[in-house]
Each structure stands twice: as C-alpha cells, then as structure tokens.
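Hi,

Here is the structure I promised to pass on. Have a look at it first, and then read on for what turned up.

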Amino acid sequence: MRKALRPAIGLAAAVMLSACDPAAIGGLGGGAGGNSGPKIDPKKPIQVALLVPKSDAQAASIAVSMENAARLAIAELNGVQIELKTYDTAGVASTAAAQAQRAVDEGAKIILGPLRADAVNEAGRAVADEGINVLGFSNNPSIAGGNVFILSPTFNNTANRLMAHARSQGKKSVVIVYSDDVPGQFGRSAIELAAAANGIRVVSSEGYTLSVEGVTATAQAAAAAVKTGEADSIFITTDATNAAMPMLLNQLPSNGIAPDQVQYVGLTRFDVRPDLFSLPGATGVWFALPDQGQQNAFNSRYSAAYGSAPHPLAGIAYDGISAIGALAKQGRGDALTAKALTRGTGFNGTGGVFRLKADGTNERALSVATIKDNQMVILDPAPKAFSGAGF
C-alpha cells in the first residue's frame, strides 16, 4: 500500500502538465483585455502559431497528439484557411516566451498553447504589448486574464456543474475531502466557491497528506464531520487515478458514512478507473464528464486519420482551431479579438459546447454521471447550448 501511494503516473501526470502548476503565477489582469487582438481578412489564410513542448521527453507524445488534432481541425474546416506553424517550447517557460515573440515576429495573429501554466503565462506576457491573444492549454485560472485565455476544463466549471446538480436534488450541505497539495487546494477552493454560488453549506474541509496514515486520519475526520455537522454530501477532490482514491472509497464507508447515507461526489472522472466501480464508496457517486457522443466521434476521426487514439488532452488543440475557424467563417475581421472569442453562444468542441469567458477562463457543457451495478450511467446529459440547464 505504501508503494501504491506514490504519485500516480500516466493520465494523471499528463493532465497535471496542463493543470495546477506549483508556481503561484498571477494573471495578466482582470477582464479579457478589452478588444485586444489584430484585425484580419477572413478570406485570406489566418496565421496561427502552435506552441507545444515537442522536445520535452515527458510531454513530447502529448505535443505530437495536440499538433495532429489541430491539423485535423484545420482539415475539417470548410471555407476557412489556416496556416499553422508549430514552435517547440521544450517545456520551459522562458523558451515559450521567446517562441511566442518569434511567432508574432513571423506573422502569427494568434497563439494556440503552450501546455503548462507557467509557459502560458510567460508567452502571454511576451506578446501582450502587441495585442496578440493566447489560447493556452492550461486549466489553471490563476493565469487567465488580459490577453490569456485557458482552454482546458477547469475545476471551477466542474464543481459548479456538480453543485448545481446537487442543489437540484435537494442537497444542502457538504464535507470536502482534499489532498493537501496544490491540485487539492485548487479543488477545495473551487468546491467552496461552487457551494456558495449554489446555496450549499460547507460543513468542513478535511485535507490529507499522501501517506497511509494521512489518508486514514482524514477519512475518520471526514466521517465524524458528516455525522456531527449533519452533512448530506461528501465531495472528494482526489483524482480517480490517484492511489489514494481506493483507500478513501473503502475507509469512508467503513467509518460509518455509506453511500446510502450520504451522497458521494467526485471532482474528477471515475470512468477512467472501472476497477473502482465495485468499491463500497463508488456506488451512486456523482461525477462530471464531457458529452461522450461527441468525444467518441472525435476519437474515431482522429484514429482514422493517424492510426492511433488521441491523447486525452489532444481535443483541446482541436477546440482552439475550431473556435478560430467558426469566427472566421462568419466573415469577421475581428475574429481574433477578445470580443469575438468571448461570444456568448460559444463554440462546438470535441466534448460538446464551450465558451471563453471575459475573465480568461472557460465554461464547458458537462454531463453528470453515476455508478450503478458496476456500470457508468448518465444522470443528466450535457446541455447542447448555453440556454440549457447546467450553466
């Protein structure tokens, strides 16, 4: 068990590349930088720079998959021409800044990427004075704002979707269980904000250190808080791929808070770990995920084009190109400005509709799912438009 509690690798590690980097990086300012962004002739090829860590050994496969997805999106555009040029950031923030400036000097009108939060932040700073917008692949809201927009799904978006669903089901109070590290703290904050926005009381927040003793103590504390605070829900920030999750799904129920007594909610997707489905705390758990019909359709098209499945983050690059193409297709000379990029109707992406917000973050349509009889079941489908439920 002690070996199993070492940080998870694979998907979790890949997601963290675009998620909460340890550096507490300030954004470029509130709002979306007014009407930043150059004017273009939508009838002519649009020069887009893709910044990805192609020579970073830990992220090179992600970079390749993202570039493939971006080129697939370009191939599927009708009536819009995009000239995509790729720049290698090597996974280094200072290199990302230099490459962003180089790209603009070579004619780029908008930047797609980089991957890590610190690299996105530095790239945005490098080209802010030239009014060039950056559609970064991070999901870290602390770097969003000014000329920087983030494309990856955020904890805030997911937490709000789940809290809104909880409220609609009559839930009124929650205990938060979080890993006492940067992603866990980001998750806890997102849940607290979502709870306040949806009128749900946070009874307590219980953090754990990554050890057998730490997880055990927190499970006991959370169970006690549920009982004494009369909470009707327990919200876990832990990534489902993390080795701490099986312990929590066993120990929380064993401490007297079974799923038929309290509603379990997960901030991350449980469908990536089917082996968890049979654990005591997994039955009936709520979690959010993109529209699976659209996600599967994208995966199929990608596989047909490149002979392998896309990396889970690849669709973010596809979405960035799709947004640019959708605006240019309307014949908009301001297609790359903040005003256009933050249009209220949003865009169709690989996992459903999404839109960029004026604060540089994003909002994505999500389904609410659960585990029943060891199978994933959709409880509330992802909305097809922003006038629907869940937003």
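The second largest pocket takes at least two lining residues from each of helix H9 (292–306), helix H10 (314–329) and strand S11 (347–349). H10 is the main contributor there, with 5 residues. Before you go further, bear in mind that this is a predicted model. The volume of the second largest pocket comes out at about 390 Å³. Its lining counts 22 residues, and those nearest the centre are Leu 77, Tyr 318, Ser 322, Ala 326 and Asn 348. If you are thinking about the chemistry of the second largest pocket, the lining splits into 9 nonpolar, 9 polar and 4 charged residues.

Now for the enclosed spaces. There are 2 cavities of 30 Å³ or more, and the largest cavity has a volume of about 40 Å³. Around the largest cavity sit Leu 162, Met 163, Ala 166, Lys 171, Val 174, Ile 200, Ser 233, Phe 235 and Val 265. Two elements, helix H5 (155–168) and strand S8 (233–236), give two or more residues each to that lining. H5 has the largest share, 3 residues. By class, the lining of the largest cavity has 7 nonpolar residues, 1 polar and 1 charged.

H10 turns up again in the packing. The largest nonpolar core has 45 residues, and the members that touch the most others are Val 48, Met 66, Ile 82, Leu 135, Phe 137 and Ile 321. At least two residues of this core come from each of strand S1 (46–52), H2, S2, S3, H9, H10, helix H11 (338–341) and strand S12 (352–356). Once more H10 gives the largest share, this time 9 residues. What does Ile 321 contact, leaving aside its neighbours within four places in sequence? Its partners are Val 48, Ala 70, Ala 73, Ile 74, Leu 77, Ile 82, Leu 84 and Leu 112. Leu 77 is therefore a name to remember from two places: a contact of Ile 321, and one of the residues nearest the centre of the second largest pocket. Apart from the largest core there is another one, of 32 residues, with Tyr 208, Met 245, Leu 252 and Ala 282 among them. As background, nonpolar side chains in soluble globular proteins tend to be buried together.On to the charged side chains. The count comes to 13 salt bridges. In one of them Glu 67 meets Arg 71, at 3.2 Å from N to O. These two residues are 4 apart in helix H2 (residues 60–75), which means that about one helical turn separates them. Are the two partners buried or exposed? Glu 67 counts as buried, with 14% relative accessibility, whereas Arg 71 is partly exposed at 34%. The pair also belongs to a network of salt bridges that links Lys 54, Glu 67 and Arg 71.

Two other salt bridges may interest you:

- Glu 106 pairs with Arg 102, and their closest N and O atoms are 3.0 Å apart. Glu 106 is partly exposed, with a relative accessible area of 35%, and Arg 102 is partly exposed at 39%.
- Asp 275 pairs with Arg 273 at 2.7 Å, N to O. Asp 275 counts as partly exposed at 48% relative accessibility, while Arg 273 counts as buried at 16%.

Finally, some backbone details to check in your viewer. Which residues does a cis peptide bond join? They are Gly 113 and Pro 114, with omega at about -5°. Pro 114 is in the loop between strand S3 (110–112) and helix H4 (117–127).

Positive phi in a residue other than glycine is found at Ala 90, where phi is near 60°. Ala 90 is in the loop between strand S2 (82–88) and helix H3 (93–105), and counts as partly exposed at 28% relative accessibility. Asn 374 also has a positive phi, near 65°. The loop that holds Asn 374 runs between strand S14 (367–372) and strand S15 (375–380), and Asn 374 is partly exposed, with a relative accessible area of 44%.

Over to you!

How values were computed
Residues are numbered from 1 along each chain as its sequence is written. This is a predicted model: local features need pLDDT of at least 70, side-chain atom pairs count only at pLDDT 80 or more; totals for chains, interfaces and linings use all residues. Side-chain values use heavy atoms; hydrogens and water are left out. Buried means under 20% relative accessible area, exposed over 50%, partly exposed in between (1.4 Å probe, protein chains only). A salt bridge is a side-chain nitrogen of Lys or Arg within 4 Å of a carboxyl oxygen of Asp or Glu. On a 1 Å grid over the protein atoms alone, a cavity is a set of points where a 1.4 Å probe fits but cannot get out, and a pocket is an open set with protein on both sides within 12 Å along at least five of seven lines; lining residues have an atom within 4 Å of a point. Grid points are joined across faces, edges and corners, and a volume is the space filled by probe spheres set on the points. Ala, Val, Leu, Ile, Met, Phe, Trp, Tyr, Cys and Pro count as nonpolar, Asp, Glu, Lys and Arg as charged, and the others, Gly among them, as polar. A nonpolar core is a set of buried Ala, Val, Leu, Ile, Met, Phe, Trp, Tyr and Cys residues joined through side-chain atoms within 4.5 Å. Contact means heavy atoms within 4.5 Å.
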